Amino acid sequence: MIAEPDGPEGRLRRFATIWSRAVFPATSTSLTRPEFEELLLPLARRLSEALRARTFEAEEGKAVGAALVSAHCTDPDALTHTLECVDAYLVLYCGGDGSQEDLRIRSARLQHAMAAGFAQELRERTLAEQEAISVAALQAQGVVAQALHATEARFRAVFEGAAIGIGMADLDGNILQVNGALLRMFGITEQTMGGRNVREWTHPDDAPQTWTLYDELVRGEREHYHVEKAFYRPDGTVLWTNLTVSLLRDADGNPQYQLALMEDTTERRLLNLRLRYEATHDALTGLPNRTLFFERLEKALGAGDNQRFGLCYLDLDGFKTINDSLGHAAGDRLLVEVADRLQSCATAPGEMVARLGGDEFVALTTGPDTEREVDELAGRIMNALITPVSIDGRDLTVRGSIGIVEGPAGERGPAEVLRSADITMYRAKSAGGNRFELADPEADARAITRHGLTTALPAALDRNEFFIEYQPLVHLGDGSVRGAEALVRWLHPQHGVLGPDRFIPLAEHTGLIVPLGRWVLEQSVRQARAWRESYGDGVPLRINVNLSPCQLTHPGLVQETVDILERTGVAPDALCLEVTESALIGADDDLLKPLRQLAEMGVDIALDDFGTGYSNLANLRRLPVSILKLDRSFTQSMQQFPADPVDLKIVEGIVSLAHSLNLAVTVEGVETGAQAEQLRILGCDTAQGWYYARPGPPDRLHELALVDATG
């Protein structure tokens, strides 16, 4: 019978699947993961029935805990993972329509009972094993002592009850006698063992020195040797042993027999393999993890000539939203489903899929023709994500962004390849997501440079690598200098002088814009004071400082501005704060409140880049601004005289509107005398641009006031 995915049996099966995925890496069983899941399914059913039973039966929980020990889940982590799984998923999948609070109380009691049953069974098993090992060691010791002194070398009754395998052969390798423990280890009868020769038991995994040591022993050149050796059982399975072979001599000291003691280490070896599996595979999805992926990638990049590689780096779009809205349990189930789909995409030789962590996955393909194969692999991954994932009755749309790196082996290391793929993936995400992009060395270089600048930003502020240049604001009526805009620069040790467009976005992204903006404000206000001291009150020079949108939301903006003005002794009317139009589009009262407070103190607020956004002109009345800074895009056509009549009408209309609202108008990007004259005729108040001066040091300001505009 096929269980319906959302029916009781289907939900029980899903719980068993999640349980097996969580516990399997901590087991020492020789079963595969699907086989282990089938083993857990009846235990899951017992828990489900105990959860919903009319009366609570603690013995059911104890029985399930004891059954885990019998299923080779003896590692404490197996119990820990089981209890975590039961706590997170038993009520979710098996609770039915009962009271959630009652079910969770019942689940907690079941977990306590399971832990008690597990501990009791593990203790009893451990005591039994310790006793058996102790008896076996004493018996084996007695066998060896008997062998050294006996005139007969058959040890019939002495060693038969030993728990470890014991066998004796002549010097030609003919097996003379074995005990019951050895027969059970090999899964054969005494009749089958008869007539066998030691040299028949070769195995491909034999260490090179194994048979050399054997030859030396039977020749009497050594007394014993110890190796780890594998044997084939009749059913084709492999028995791993710690094998000690000793030479038995007669009363005259001549070699007579060889005695083998075998300890079955198969289960221990499987446990080690499980530990290796756990160290190299993701516990949630079962996919190879970052460790194993790097091993495979390093091997692929170290392949010989004519070998290539292709790497797809996948990040799910919007996964954080799913985690935050539906919870981590739903997010985990989504990741498991995505992992299963990705695994089905990598079926060709040389292909593998791994989970690096979070919602980041990688797919690797190798061979001589990966240029074509990696594109096909990326296409299969994108197609695999098209079908929605159903979780708790919701169909979740899954999308992903993929960065692809492809190239010949031997040219780059694993870290460099993964970094390039990561950068390319973020380029795909920045382009809207749900797409894949090929690596571009030039784009990589730009991204690496951005990363380097981001990393160096905090130390740059401490090392005083920033400085400020000032561009004058000129009154269009009389040509006098009325102030200057402060423009921060970064004197980078390697890249030279960097403009704000290179590092301000990075500072906003990292949060450094707040301390950097505070430094720029204080330095600029101090400069305004120095100008007033130099030129006197008759020259009312004002300083314009740009405010980032991040600074607008900083709670200390108003108080810090007041403190700086009071510390420097500068009046508020000497300061103008410039805020971009885009930062104030749709701004609510909370965002505008600090600007209103500053405006009420006498600080001018300028609306920068006006005309580049989509703000409603009627909103100008509610904004606490006193100056509009008209974007340069409106005045580019005025570099020649006469200008485009349409552009003139637009600028004339904006100026008229601004003046009717008691707003001054400043124009950016003035580069010719024709522009300056036409803007003066249109009624603009002040202007700045290369026609007057480029940004420069503060001591040039008095020279700028004397510039001959017609010169």
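Hi everyone, let's start with Arg596: its relative accessible area is 28%, which puts this residue in the partly exposed class. Keep in mind throughout that this is a predicted model.

What does Arg596 pair with? Its side chain meets that of Asp589 in a salt bridge, at 4.0 Å from N to O. Asp589 is partly exposed as well, with a relative accessibility of 49%. Asp589 stays in that class because exposed would need over 50%.

While we're on salt bridges, there is also a network to point out. Arg13, Arg33, Glu37 and Glu38 are joined into one network by salt bridges that share partners.

Now please turn to Arg372 and Glu373. These two form a salt bridge, and their closest N and O atoms are 4.0 Å apart. How accessible is each partner? Arg372 comes out at 42% relative accessibility, so it counts as partly exposed. Glu373 has a relative accessible area of 22% and is partly exposed too; the buried class would require under 20%.

My last pair is Lys629 with Glu578. Here the closest N and O atoms of the salt bridge are 2.9 Å apart. Where do the two residues sit in the chain? Lys629 belongs to strand β19, residues 627–630, and Glu578 to strand β17, residues 575–580. They are 51 residues apart, so this salt bridge links distant parts of the chain. Are these partners buried or exposed? Both Lys629 and Glu578 are buried.

And how many salt bridges are there in the whole count? The total comes to 43. Thanks, folks, and I'm happy to go back to any of these pairs on the screen.

Notes
Residues numbered from 1 in each chain as written. Predicted model: local features only at pLDDT ≥ 70, side-chain atom pairs only at ≥ 80, totals over all residues. Heavy atoms only, no water. Buried < 20%, exposed > 50% of the residue type's maximum accessible area, 1.4 Å probe, protein only. Helix = DSSP H or I, 4+ residues; strand = E, 2+ residues; numbered from the N terminus.
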